[in-house]
Amino acid sequence: MDEDPRPTVAELHRATAEVLGDLDAARWMCEVAFAHRPLSEIGREPVTERMVAHLDSMVARHRAGEPLQYVLGEWSFRRLDLAIDPRVLIPRPETEWVAGRALELAADLPGPRTLVDLGTGSGAIGLSLADELPIDGTTVWMTDRDPRALEVARANLAGIGRAARNVRLAEGSWFEALPPEVRAHVIVSNPPYVAEGDPALEASVIEWEPEGALLAGADGLDDLRVIVNGAPERLHPGGWLVCEIGAAQGAAVTDLARAAGFVEVSVEPDAAGHDRMLVARV
Ligand SMILES: C[S@@+](CC[C@H](N)C(=O)[O-])C[C@H]1O[C@@H](n2cnc3c(N)ncnc32)[C@H](O)[C@@H]1O
């Protein structure tokens, strides 16, 4: 019997890795193109024209500068595989840690708990809360001002299975999105906190990621001011606010939180020792 003349997926992976100079990126693209099956399983299979065309278009987009996460159309965040496209910010590793802190605080509270993720984007934080906390007695509100971001969050909601029934989506600016009677035990947010004109902002972030997800006025604190000032009246007594912040904003958000009436206020450093998270209790 004649051998199949088509290259195998493993061969195509090697060729793609050479073009991209990145073994992992090539593997993820191959897996997406080949029906999301792991390379370890499909390496010996012959490629098909449709799959090669899909892979070629991903390689071309990435080589033209589009971030890998948008090219793949998905990215992992804690336990979730989230659909990701330019309507939403690409979820970052530091935000996994912020979500983890909110999870710890929420897990310590007796149910029923009400949790709020303000500015949910892809749904990364709020869906992780719903996914990782016990299904009974948890309600998670996920808000965003941008209806296009909420479309992505809604699509990702289906991916968490039964826990999706605990999640409510709401459109609007910060607390205005929530029904007036909602009071939370934990409010968590990764709001825009980059100062306009910040030279540290990478060109590909400016070009590809939604501007409304990043910039927050001259000092980067416009949105954090609204959230920190508005949170006390939306929290139950003893409730927590957890916010991702910029590395230089620790002192400013500490002052904001104290002035807003929070009694326990701390700024927690990331693994590199940079202030990246406000944790405050009313
Ligand atoms: C830094 S992104 C975070 C997205 C997601 N939570 C994450 O961590 O990957 C900020 C999000 O806040 C939303 N946003 C910006 N201004 C807002 C406002 N005034 N009210 C509600 N959401 C807002 C943006 O649309 C964006 O989705």
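Two residues are in contact here if their C-beta atoms, placed from the backbone, lie within 7 Å. That rule underlies the helix pairing described below. The model is predicted. Its chain is divided into domain 1, residues 9-64, and domain 2, residues 87-281. A ligand has 23 residues around it.

**Domains**
- Domain 1 spans 9-64 and domain 2 spans 87-281.
- The C-alpha centres of domain 1 and domain 2 are 35 Å apart.

**Helices α1 and α2**
- Helix α1 covers residues 9-20, and helix α2 covers residues 23-33.
- Their axes come within 8 Å and cross at roughly 135°.
- α1 and α2 are therefore oblique to each other.
- The crossing of α1 past α2 is right-handed.
- On the α1 side, the contact is made by Val9, Leu12, His13, Thr16, Ala17 and Leu20.
- On the α2 side, Leu23, Ala25, Ala26, Arg27, Met29 and Cys30 meet them.
- By class, this contact of α1 with α2 has nine nonpolar residues, two polar and one charged.

**Around the ligand**
- Which of the 23 residues around the ligand come nearest? They are Gly119, Gly121, Arg145, Asn190 and Ala213.
- Helix α7 (124-132) supplies at least two residues of the shell around the ligand.
- Strand β4 (138-144) also supplies at least two.
- The shell residues divide into ten nonpolar, nine polar and four charged.

Terms used. Residues numbered from 1 in each chain as written. Predicted model: local features only at pLDDT ≥ 70, side-chain atom pairs only at ≥ 80, totals over all residues. Axes fitted to C-alpha atoms, helices over the stretch in contact; angles between N-to-C directions. Helix = DSSP H or I, 4+ residues; strand = E, 2+ residues; numbered from the N terminus. Parallel < 35°, antiparallel > 145°, perpendicular 65-115°, else oblique. Left-handed = near helix turned anticlockwise from the far one by under 90°. Nonpolar A, V, L, I, M, F, W, Y, C, P; charged D, E, K, R; others polar. Near = placed C-beta within 6 Å. Domains from an automatic or database assignment.
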